[in-house]
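Please follow this explanation with the sequence and the model side by side. The account begins with strands and how they pair, and then turns to salt bridges, a pocket and two single residues.

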Amino acid sequence: MSDPVKIGIVSVSDRASSGVYEDKGLPALQDWLTRALQNPITFLPRLIPDEQATISATLVELVDAGCSLVLTTGGTGPALRDVTPEATLAVAHKEMPGFGEQMRQISLQFVPTAILSRQTAVIRGQALILNLPGQPKAIAETLEGLPARNVPGIFAAVPYCIDLIGGPYLETDDAVCKAFRPKSAIRNSA
């Protein structure tokens, strides 16, 4: 039996949160995670505006509610209202720069403007917080990678990262995203 997991999913958008258009970030995150993970998942979704204090407070609230993984989408570009990375870093205990570096590498396979993105990742307590791109297609690409081009996605490292910070044992569907763990960290499935 797989460990149950609580996952916070946050879409950061002034226009979607005020009803100007339909949010596509939360459904994209939930769909991908439901396909990728074999664990029983409780999602805690949030749709919020691009306000730094609100973003930070939401991240803290989700971690305090027991989420071991929190994924955000939106607000990571260079525009004046894009403050998701600043809000995330403000609540961080540790920064995990490799996640943002790999997301930009994946996106650079498609658009040269990927260098303008400021995705980041941090650890707060026993939770990993990841800032993902805003577009559903880019969310899936950065999470699962580009197998045809031999470019690994960031989610392959997420389960082991969560192991190392004392979270639940995440089990992935290898057809969607194969988690990497050292042999000593692989749980025997009996």
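Two strands are taken to pair if DSSP finds at least two bridges between them. The model discussed here is a predicted one, and the pairing described below is computed from its atoms. With that criterion in hand, one can begin at strand β1, which spans residues 5–12 and is joined to strand β3, residues 69–73, by 5 bridges, the two strands running parallel. Within this pairing, I7 has L69 of β3 as its bridge partner. Strand β1 is also joined to strand β2, residues 41–48, in this case by 8 bridges and again in a parallel arrangement, and here V12 stands opposite I48 of β2. Of the 8 residues of β1, 7 are buried, so that this strand is largely enclosed by the rest of the structure.

These pairings belong to an open sheet of 6 strands, in which the order is β2-β1-β3-β6-β5-β4 and the pairing is mixed. The edges of the sheet are taken by β2 and by β4, residues 94–95; each has a single partner strand, and therefore one side of each is left without a neighbour in the sheet. Helix α3, which covers residues 52–64, packs on this sheet and touches β1, β2, β3, β5 (121–124) and β6 (127–132), while its direction makes about 165 degrees with that of β2. A residue that illustrates this packing is T58, which lies in helix α3. With a relative accessibility of 7%, T58 counts as buried, because buried means under 20% relative accessible area. If its neighbours within four places in sequence are left aside, T58 is in contact with V10, R46 and I48.

The next topic is that of charged side chains. Across the whole structure, a search finds 9 salt bridges. One of them brings together the side chains of R187 and D3, with an N to O distance of 3.2 Å. Because R187 lies in the segment after α7 (158–164) and D3 in the segment before β1, this pair ties together parts that are 184 residues apart in sequence. R187 is partly exposed, having a relative accessible area of 40%, and D3 is likewise partly exposed, with a value of 21%.

E51 and R81 form another salt bridge, in which the closest N and O atoms are 2.9 Å apart. Since E51 is found in the loop between β2 and α3, and R81 in the loop between β3 and α4 (84–90), the pair ties together parts that are 30 residues apart in sequence. E51 is partly exposed, with a relative accessible area of 35%, and R81 is partly exposed as well, at 39%.

A further salt bridge is made by the side chains of R181 and D163, which meet at 2.6 Å, N to O. Here R181 lies in the segment after α7 whereas D163 lies in helix α7 itself, so the pair ties together parts that are 18 residues apart in sequence. R181 is buried, with a relative accessible area of 9%, whereas D163, at 22% relative accessibility, counts as partly exposed. Salt bridges that share partners also join D14, E51 and R81 into one network.

Attention may now pass from side chains to empty space. Rolling a probe the size of a water molecule over the atoms shows where such space is left. The largest pocket holds about 770 Å³ of space. It is lined by 36 residues, of which G74, G75, P133, G134 and Q135 are the closest to its centre. The elements that give two or more residues to this lining are β1, α1 (14–17) and α6 (136–144), and α6 gives the most, with 4 residues.

One last residue deserves a look for its backbone. Which sign does phi take at N150, although this residue is not a glycine? Most residues other than glycine have a negative phi. At N150, however, phi is positive, at about 60 degrees. N150 lies in the loop between β7 (145–146) and β8 (151–152), and N150 is exposed, with a relative accessible area of 70%.

Terms used
Residues numbered from 1 in each chain as written. Predicted model: local features only at pLDDT ≥ 70, side-chain atom pairs only at ≥ 80, totals over all residues. Heavy atoms only, no water. Buried < 20%, exposed > 50% of the residue type's maximum accessible area, 1.4 Å probe, protein only. Contact = heavy atoms within 4.5 Å. Axes fitted to C-alpha atoms, helices over the stretch in contact; angles between N-to-C directions. Salt bridge = Lys/Arg side-chain N within 4 Å of Asp/Glu carboxyl O. 1 Å grid on protein atoms, 1.4 Å probe; cavity = no way out; pocket = protein on both sides within 12 Å on 5 of 7 lines; lining within 4 Å. Points joined across faces, edges and corners; volume = space filled by probe spheres on them.
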